[in-house]
Amino acid sequence: MTVIDPGIGTPTLWFEDVVAGDELSELVKHPDTRQLVMYAGAAQDFVPIHYDLNVAQAAGHPTVIVHGALKSAWLAELIAGWMGPTGRLVELDVSYRAIDFPGGSATCFGKVTETRVEKGIGLVELEIGVRNPEGVVTTPGRALVALPIKASF
Amino acid sequence: MTASETSASNGITEDIRSFIGIESDPVTYEIERHAVERFACAVGDPNPLYTDEIAARKSSYGGLIAPPTFVRSLLPGAYPKPYPEPFAHILDGGSEYRFHEPVRVGDRITVTRKIIDIFQKQGRLGTMLFRVSVISYVNQLGQVAASQTTTTITYGTGEKDLGIDGH
């Protein structure tokens with residue numbers, strides 16, 4: 001017997017259902033030093049400012065700092081959660097303008113800025129970012145995703 | 001403005017400038033299931049496409065894939081000569097990813113990094129050296145699965161804490 005899993009095999013978000021101005025459900029992360037060490041190991045990123053307090057303080061920070069690339073990974077998670085398994089992330093641009101620290105929150109947000117069809121593919125432009133507990137956008141970015149078109153199914 | 005004009009106007013040394021256009025030795029990685037799991041777990045990303053073989057098999061991908069930015073963990077190889085880093089501290093300026101093909105568990109991905117620009121700027125941290133590289137990730141079918149344009153910023157003097165700069 002084949003069990004159909006509607007959560008992963010069928011589109012959960014169609015191109016036709018998306019309009020400019022739509023907002024993605026926010027993804028709130030609470031990074032701690034344990035997560036930074038896990039990410040350092042998983043990503044093979046051993047720059048000591050992410051786990052060595054002395055190094056971080058010598059560089060003028062109150063504590064160790066969150067990897068920029070970890071914030072990029074959260075933004076990719078945010079987008080995948082919104083578009084579902086049949087959407088495709090095509091482009092992801094992320095700029096690390098300010099530092100985030102463990103112990104705080106990192107709120108990942110996104111908004112649809114444009115939709116268009118190119119060569120039969122439904123493309124959606126997103127403005128994305130990470131906001132710190134003070135409400136400052138530390139990590140602005142943009143993304144382009146491809147969504148399935150109902151008419152083509 | 002071309003890359004070389006930018007560099008020439010910023011007072012970087014000839015030695016550093018000679019790295020513009022240089023490519024790292026290619027390194028090939030086999031994409032292991034547990035490496036993907038560890039990455040997804042570290043990010044805190046519960047997406048079953050990365051860890052649940054049965055769910056992933058039923059998806060349009062037909063099997064386990066890696067999270068988009070997993071390619072970050074595939075460190076590029078060395079340059080033909082050692083890079084003469086003049087500064088002590090390092091910051092990641094950002095990345096621009098382009099995704100063309102999914103990276104699947106079992107793929108063999110060849111990583112090459114090319115420096116496309118190096119320039120200096122004055123900023124809040126004093127003199128900052130910007131190094132822009134394009135890292136390409138090519139799968140065993142010869143397809144460019146992804147590329148990453150990344151900006152590395154170095155600054156400051158004193159004891160170096162650059163770690164392993166594989167990014």
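**A sheet continued across two chains**

Strand β2 (residues 88–95) of chain A runs antiparallel to β2(B), and 5 bridges join the two. Strands are said to pair if DSSP finds at least two bridges between them. Helices (H or I, at least four residues) and strands (E, at least two) are DSSP runs, numbered from the N terminus. Within this junction, Leu92(A) stands opposite Tyr97(B), and Glu91(A) has Arg98(B) as its bridge partner in β2(B).

The model is a predicted one, in which local features need pLDDT of at least 70 and side-chain atom pairs count only at pLDDT 80 or more, whereas totals for chains, interfaces and linings use all residues. Residues are numbered from 1 along each chain as its sequence is written, while chains are lettered from A and ligands numbered from 1 in the order in which they are written.

The junction belongs to an open sheet of 10 strands with antiparallel pairing, in the order β1(A)-β3(A)-β4(A)-β5(A)-β2(A)-β2(B)-β5(B)-β4(B)-β3(B)-β1(B). At the edges stand β1 (27–29) of chain A and β1 (27–30) of chain B; each has a single partner strand, so one side of each is left without a neighbour in the sheet. On average, neighbouring strands of this sheet are turned by 25 degrees against each other, direction ignored. Helix α4 (residues 68–83) of chain A packs on the sheet, where it touches β1, β2, β3 (106–118), β4 (121–131) and β5 (137–147) of chain A together with β2 of chain B. The direction of this helix makes about 145 degrees with that of β2(A). Axes are lines fitted to C-alpha atoms, for helices over the stretch in contact, and angles run from 0 to 180 degrees between N-to-C directions.

Where the chains meet, 36 residues of chain B are in contact with 36 residues of chain A; contact requires that the C-beta atoms, placed from the backbone, lie within 7 Å. On the chain B side, the elements that give two or more residues are α3 (33–43), α4 (48–51), α5 (53–58) and β2 (89–99). The largest share of that side, 10 residues, comes from β2(B). By character, the residues of the chain B side divide into 15 nonpolar, 13 polar and 8 charged. Here Ala, Val, Leu, Ile, Met, Phe, Trp, Tyr, Cys and Pro count as nonpolar, Asp, Glu, Lys and Arg as charged, and the others, Gly among them, as polar.

Turning to the separate chains, chain A has 4 helices and 5 strands, which follow one another from the N terminus as α-β-α-α-α-β-β-β-β. Its C-alpha trace spans about 60 × 40 × 25 Å along the principal axes. Of its 153 residues, 37% count as buried, a class that takes 20 or more other C-beta atoms within 10 Å of a residue's own; 12 or fewer make it exposed, and values in between partly exposed, with C-beta atoms placed from the backbone. Chain B has 5 helices and 5 strands, in the order α-α-β-α-α-α-β-β-β-β, and buried residues make up 34% of its 167 residues.

One loop position in chain B completes the picture. Asp107(B) lies in the loop between β2 and β3 (108–123) of chain B. Because Asp107(B) has 19 C-beta neighbours inside 10 Å, this residue counts as partly exposed. Leaving aside neighbours within four places in sequence, Asp107(B) is in contact with Ile31(B), Asn139(B) and Gln140(B).

How values were computed:
Two residues are in contact if their C-beta atoms, placed from the backbone, lie within 7 Å.
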